[in-house]
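Biologist: I would like to go through this model with you, one question at a time. Could you take me from the sheet to the helix and then on to the place where the chains meet?

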Amino acid sequence: MSISRQLGDPPPTPVDIKAELRRAVGTLHDPQPSKMQSMTSDLSIDEELILHSVGWEPIELVCGVSLYSVPMGVWNWGQGEITSASAAYARAFEGAIDRIHRECAKAGGHGVVGVQVDRSIHRHHIDVTLLGTAVRPVGAKQVDAAHVFVSDLSARDFTLLHVSGWQPLGLAVGASFVYAPRRSIGVALQQKSQNVELTNFTEAMYAARESAMERMQSSAITMGGTGVVEVKVTEGPMDFARHAVGFAAWGTAVRLVAENHRPLKPSMVVPLDDPMTGFEATALRGN
Amino acid sequence: MSDDPQGLPEATSHRLEELEHGLFTSDLSVNEFLLIKEVGFHPLGFVMGSSIYHTGIQTRKWGQSQELTKLTEAMYNARELAMTRMEEEAAELGADGVVGVRLDVNYYEWGKDAAEFIAVGTAVKAESGVSHRNKLGKPFTSDLSGQDFWTLMQTGYIPQGLVMGTCVYHIAHRGLGQTLGSAGQNIELPNFTQALYEARELAMTRMQDEADRLGASGIVGVRLEEKSHQWGSHTIEFLSLGTAVVKTSNDVTLPTPTTIISLDN
């Protein structure tokens with residue numbers, strides 16, 4: 001029956017793919033939040049309640065995406081830092097952050113909390129996706145995109161900071177990609193049976209990690225932050241080029257907005273829940 | 001850095017300079033950050049130390065349990081180098097201590113016999129200006145989380161340093177005769193038991209020696225880790241880690257805990 005009805009339907013109007021694509025690209029620059037009056041958010045019920053308790057409300061799920069191309073062949077051979085990769089990483093983040101800012105401002109948000117930071121680094125491009133919930137003080141007016149904050153802190157953490165007089169400012173990011181140094185065969189043979197520190201390796205990795213963190217810090221300073229909390233540092237060789245090692249650091253830049261830090265006066269609790277332990281036979285093996 | 005283990009690379013000094021101008025960075029969660037503020041400390045910066053270390057070769061006897069002193073030495077030295085550099089970064093910032101210290105070992109594909117030892121943590125300073133450095137005049141280090149640090153401080157204890165002991169041990173293989181002899185029986189394997197026992201004891205004693213040197217009255221949060229790294233199944237590193245503490249005051253300001261039954265899943 002359903003088939004016959006389908007056959008009876010008028011043929012669908014052909015979709016102009018080019019126009020659709022153009023529209024999609026257009027929304028990247030001028031995001032159109034959904035026209036729905038209801039709010040969407042990926043916050044848990046608890047988080048929503050706690051946000052409301054300090055007079056904020058979630059509005060909409062917003063995202064920012066950016067893909068940035070990496071020049072051909074930069075991963076293969078060289079010495080020192082892979083500057084074009086480091087720059088591409090910074091640009092990709094810039095683009096994604098800029099878009100999530102604009103989308104948030106358009107939706108009427110004052111900031112985005114609980115941002116999931118997804119980054120993936122490929123041979124030819126670096127892509128960054130940010131997804132979070134736009135929030136604002138209940139009933140507040142729209143603000144300019146430049147004054148929106150973006151933070152990967154959860155709504156709960158945001159509330160805690162808010163209560164003690166701090167405010168998130170934005171994502172501070174930094175990265176640095178380097179080629180691992182090489183040892184000549186002679187040196188490698190000589191060190192074969194020794195306990196020694198490989199100073200040139202240490203120095204290269206150390207410097208790369210430091211410069212990733214230093215870039216993160218300067219981006220926090222540019223935003224006017226007095227601190228960066230929940231710094232995450234990831235590192236490791238690239239899947240597609242084992243000799244290139246990437247270091248990335250990011251966190252949320254914060255600033256004290258109240259006159260003084262307000263202490264929280266925590267109290268001690270002992271939860272009486274059932275302990276979540278089970279008997280595991282594998283544990284007996286001592287790993 | 002060159003051969004001088006005390007020197008820090010140039011990028012470091014630039015980064016630390018920025019931190020001295022009032023910016024702080026920290027890998028602490030917001031909870032931990034606020035709890036540290038609560039006990040009167042302020043985070044100064046994320047500090048780290050690293051050392052890429054080539055471990056030498058030591059021959060092992062197939063049928064003999066023994067400590068592999070050369071490997072033990074390597075694991076000790078490399079961690080010590082990483083920790084000292086981290087402490088140095090902290091000292092440069094004028095910190096009283098480093099909390100939330102994590103020690104990691106990374107292996108890279110390009111250096112199978114070399115491992116990177118990293119120590120990272122958050123340097124903190126007392127807001128009151130009273131020095132909390134340890135007996136040796138260095139910033140204290142501790143692997144306690146912000147929550148643990150808060151609780152510890154409420155009970156009048158103060159951390160002195162992260163102490164560790166390590167022992168790389170080769171455990172003898174069992175001969176064919178022994179294996180056949182014990183097949184089908186419930187018996188203890190004394191040579192394995194003894195080897196594992198001794199290795200753990202050695203690691204723990206070394207940790208306690210370090211704590212003694214700091215004049216500590218106890219070690220909290222001790223963890224015993226066993227890892228084979230890349231040496232095969234019969235060579236195991238036993239690493240014990242903990243935070244040495246001393247009691248500085250007798251007044252316990254810890255509030256009486258409230259018992260709760262949480263309603264979430």
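Biologist: Before the wider sheet, which residue in E8(A) stands opposite Pro168(A)?

Modeller: Bear in mind that this is a predicted model. Strand E5(A) and strand E8 (residues 244–256) of chain A run antiparallel and are joined by 13 bridges. Within E8(A), the residue that stands opposite Pro168(A) is Val254(A).

Biologist: Which strands lie at the edges of the open sheet that contains them?

Modeller: Four strands make up this open sheet, in the order E5(A)-E8(A)-E7(A)-E1(B), and their pairing is mixed. An edge strand here pairs on one side only, and that holds for strand E5 (166–179) of chain A and strand E1 (24–25) of chain B. The edges are therefore, taking the definition of pairing as at least two DSSP bridges, E5(A) and E1(B).

Biologist: Within what arc do the buried residues of H4(B) fall, seen down its axis?

Modeller: In helix H4 (residues 146–154) of chain B, the buried residues are Gly146(B), Phe149(B), Trp150(B), Leu152(B) and Met153(B). They line one face of the helix, because the arc within which they fall, seen down the axis of H4(B), is 165°.

Biologist: Which elements do those buried residues pack against, and what follows the helix?

Modeller: The buried residues of H4(B) pack against four elements of chain B, namely helix H2 (30–38), strand E4 (97–108), strand E7 (157–170) and strand E9 (235–247). After H4(B) comes a residue with a positive phi, near 85°, and this residue is Gly156(B).

Biologist: Which residues have the most contacts inside the largest nonpolar core?

Modeller: The largest nonpolar core holds 134 residues. Leaving aside residues up to four places away in sequence, Tyr169(B) touches Glu67(B), Leu68(B), Ala195(B), Ala199(B), Ile236(B) and Phe238(B). Tyr169(B) is one of the residues with the most contacts inside the core, and the full set is Met216(A), Ala119(B) and Tyr169(B).

Biologist: Which element gives the most to the side of chain A that touches chain B?

Modeller: The contact takes 55 residues from chain A and 54 residues from chain B. On the side of chain A, the residues divide into 25 nonpolar, 19 polar and 11 charged. Among the elements that give two or more residues to this side are helix H5 (155–163) and helix H7 (199–222) of chain A. With 16 residues, the element that gives the most is H7(A).

Biologist: What is the bridge partner of Val196(A) in E2(B)?

Modeller: Strand E6(A) and strand E2 (residues 41–54) of chain B run antiparallel and are joined by two bridges. In E2(B), the bridge partner of Val196(A) is His54(B).

Technical notes:
Residues are numbered from 1 along each chain as its sequence is written. Chains are lettered from A and ligands numbered from 1 in the order in which they are written. This is a predicted model: local features need pLDDT of at least 70, side-chain atom pairs count only at pLDDT 80 or more; totals for chains, interfaces and linings use all residues. A nonpolar core is a set of buried Ala, Val, Leu, Ile, Met, Phe, Trp, Tyr and Cys residues joined through C-beta atoms within 7 Å. A residue is buried if 20 or more other C-beta atoms lie within 10 Å of its own, exposed if 12 or fewer, and partly exposed in between; C-beta atoms are placed from the backbone. Two residues are in contact if their C-beta atoms, placed from the backbone, lie within 7 Å. The arc is that of the directions from the helix axis to the C-beta atoms. Ala, Val, Leu, Ile, Met, Phe, Trp, Tyr, Cys and Pro count as nonpolar, Asp, Glu, Lys and Arg as charged, and the others, Gly among them, as polar.
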